[in-house]
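Colleague: I would like to go through this structure and ask how some of the labels were reached. Please show it first.

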Amino acid sequence: MSRAPPANPWAIAVVVSVATFMEVLDTTIANVALPYIAGGMAVSADEATWVVTTYLVSNAVILTASSWFARRLGRKRFFLICLALFTTSSILCGFAWDLRSLLLFRILQGLGGGGMVPVSQSILADAFPPEKRGQGFALFGVAVVVAPVVGPTLGGWLSDNFSWHWCFLINGPIGLLSIGLVEAFIPGDHPDRPREPFDLIGFALVSIFLGTLEVTLDRGQIEDWFNSTFIVTTASICGLAFLLMIPWELARAHPVVDIRLIATRQFGSCFVVMLATGAILIATTQMLPQMLQLNFGYTAMLAGLVLSPGGLVTMAMMLVVGRLSTFVQPRYLIATGAAIVSLAMWGLTSLSGDLDFWFFARSRIYIGVGLPLIFIPITAASYDGAPPDKTDQASALINVARNVGGSMGVSLAQNVLAWREQFHESRLSEHIVASDVQYQAAIRRLADAFIALGSAPAEAQRQAFGWVARQLAAQTALLAYIDVFFVLALVAAAVAPLAFILRRSRPGAAPAVMH
């Protein structure tokens, strides 16, 4: 693709980061609003979760085709089309009249957003020389890492004080501003008319694979996994599409997804690390507010505010890591970041029922220190040695890794939570039997306490049993969340040795060509 001489790279970085922030924000802003959407549209909470699933699926599907469309239409034009589609569909989501129309508009929103992010990332990669890419990606990383943290806070505030519609309508003015900034600051480019035809069969196979994978991961826990015919069907289709996709894409001279990139030492390592990074980022962003609301009585807004100090630290660390990346080996930054995140997750395993706001806020601050140390170097390293004509492919695949990793992380966390809740409940309830002397004594003391508060003896007895049941549920949930954070600590710890698979590079030097 022939490109005009680059404009000020920092202006380009700001413009694409604003648009990307808006798109990534929508992966989490709707999560907090789901109860409001369910109530406003008179649907069940289970049906409302499709608002998140449809967005993730359409987002994943379009990612792989973005490279071809960017070359066919030109990056700037394709970026503007995606931005306009995202903005328009966001406004339509805010005015949706029923769940069916909302899901349709969310699909369109995901298509626009999914095409926008990898193209903005490849625009950024070409705007900066290789030795300065770390600094450019620092600003871009603020959008990708901070937006999921801001989402629950902003979504909770808008839903509590206005209505859930504003979680989508807020994108209208920001989207229009972004369109104007893109037109003004991003230089035009001339599209390369690809001589090769669009790999339609490959795109269909990749879309089916990623789409059914997202649905299976996102809906698995809700549908009780393989006890559900729906999940068995989607998982089977996913596996079949994957088996057909690999030989088809490897046999194509111009595949829609260049699987050979993933087979290289450098990019393949970056892909796996980004999977783990996406899993940690999205899983922690979802699980911590969920626990605070369900088990500590926080409002949606207050639970979101717990994440805010970590978001501010992340923004500051992005700038620090951007400078560090110019003279420190990426592998050392990634390993250090993974160790910090793992220790932060380990710290959350000391949960108890009397912890205050700042205990949880501090854990997010530590995560906010560690994640930029992983995200910026791994994003820059994913382009290290990539041929110029593979920049768009690398960008699309690294974003697929982040999206799929996020879904895998949430699915893993929710399954560990459900499984360990059952385990701890069965173990703790072993002592809650009528023949247990300590249990009988506890019930008598509780009943006496309720009688002292004015309850009749029979009512006091029921209140005592109810109090024990609530305490059992609270302790079970707390122990299960401890197990979730322990598993996430292991995932983060596994990233550290993976970092040393990356090739040694001299910071500030142009990378070698990947082969």
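Colleague: Why is Cys82 called buried?

Modeller: This is a predicted model, and the label comes from a computed area. Cys82 has a relative accessible area of 4%. Buried means under 20%, so Cys82 is buried.

Colleague: What makes Cys270 count as buried?

Modeller: The relative accessibility of Cys270 is 0%. That value falls under the 20% limit, so Cys270 counts as buried.

Colleague: How many disulfides does a search of the whole structure find?

Modeller: The search finds 0 disulfides. Cys82, for instance, is in no disulfide. The nearest cysteine sulfur belongs to Cys93 and is 16 Å away. A disulfide needs two cysteine sulfur atoms within 2.5 Å, so Cys82 and Cys93 do not form one.

Colleague: Why is Ala469 called partly exposed?

Modeller: Ala469 has a relative accessible area of 44%. Partly exposed covers the range between 20% and 50%, so the label for Ala469 follows. Ala469 is placed in helix 20, which spans residues 457-499.

Colleague: Thr476 lies in helix 20 too. Is Thr476 buried or exposed, and how do you know?

Modeller: Thr476 is buried, because its relative accessible area is 5% and the limit is 20%. Leaving out residues up to four places away in sequence, Thr476 touches Glu421, His424, Glu425 and Leu428.

Colleague: What makes Ala42 exposed?

Modeller: Ala42 has a relative accessible area of 72%. Exposed means over 50%, so Ala42 is exposed. Ala42 sits in the loop between helix 2 (29-40) and helix 3 (45-48).

Colleague: What is notable about the phi of Ala42?

Modeller: Phi of Ala42 is near 55 degrees, a positive value in a residue other than glycine. Most residues other than glycine have a negative phi. A positive phi is also found just after helix 5, where Gly74 takes about 95 degrees. Within helix 5 (residues 66-73), the buried residues include Ser66 and Trp68.

Colleague: Now for pairs of helices. Why is helix 4 called roughly antiparallel to helix 11?

Modeller: Helix 4 (residues 50-63) packs against helix 11 (residues 200-219) at an angle of about 155 degrees, and their axes are 8 Å apart. Angles over 145 degrees count as roughly antiparallel, so helix 4 is roughly antiparallel to helix 11. Helix 4 passes helix 11 in a right-handed crossing.

Colleague: Which residues in helix 4 and helix 11 meet?

Modeller: Helix 4 brings Trp50, Thr53, Leu56, Val57, Ala60 and Val61. In helix 11 they meet Phe203, Ser207, Leu210, Gly211, Glu214, Val215, Asp218 and Arg219. By class, this contact has 8 nonpolar, 3 polar and 3 charged residues.

Colleague: Why are helix 14 and helix 15 called oblique to each other?

Modeller: The axes of helix 14 (residues 265-295) and helix 15 (residues 300-324) cross at roughly 135 degrees and come within 9 Å. Roughly perpendicular ends at 115 degrees and roughly antiparallel needs over 145. The angle of roughly 135 degrees fits neither, so helix 14 and helix 15 are oblique. Helix 14 passes helix 15 in a right-handed crossing.

Colleague: Which residues make the contact of helix 14 with helix 15?

Modeller: From helix 14 they are Thr285, Leu288, Pro289, Leu292 and Gln293. Helix 15 gives Ala300, Ala303, Val306 and Leu307. The contact has 7 nonpolar, 2 polar and no charged residues.

Note on methods
Residues numbered from 1 in each chain as written. Predicted model: local features only at pLDDT ≥ 70, side-chain atom pairs only at ≥ 80, totals over all residues. Heavy atoms only, no water. Helix = DSSP H or I, 4+ residues; strand = E, 2+ residues; numbered from the N terminus. Buried < 20%, exposed > 50% of the residue type's maximum accessible area, 1.4 Å probe, protein only. Axes fitted to C-alpha atoms, helices over the stretch in contact; angles between N-to-C directions. Parallel < 35°, antiparallel > 145°, perpendicular 65-115°, else oblique. Left-handed = near helix turned anticlockwise from the far one by under 90°. Contact = heavy atoms within 4.5 Å. Nonpolar A, V, L, I, M, F, W, Y, C, P; charged D, E, K, R; others polar.
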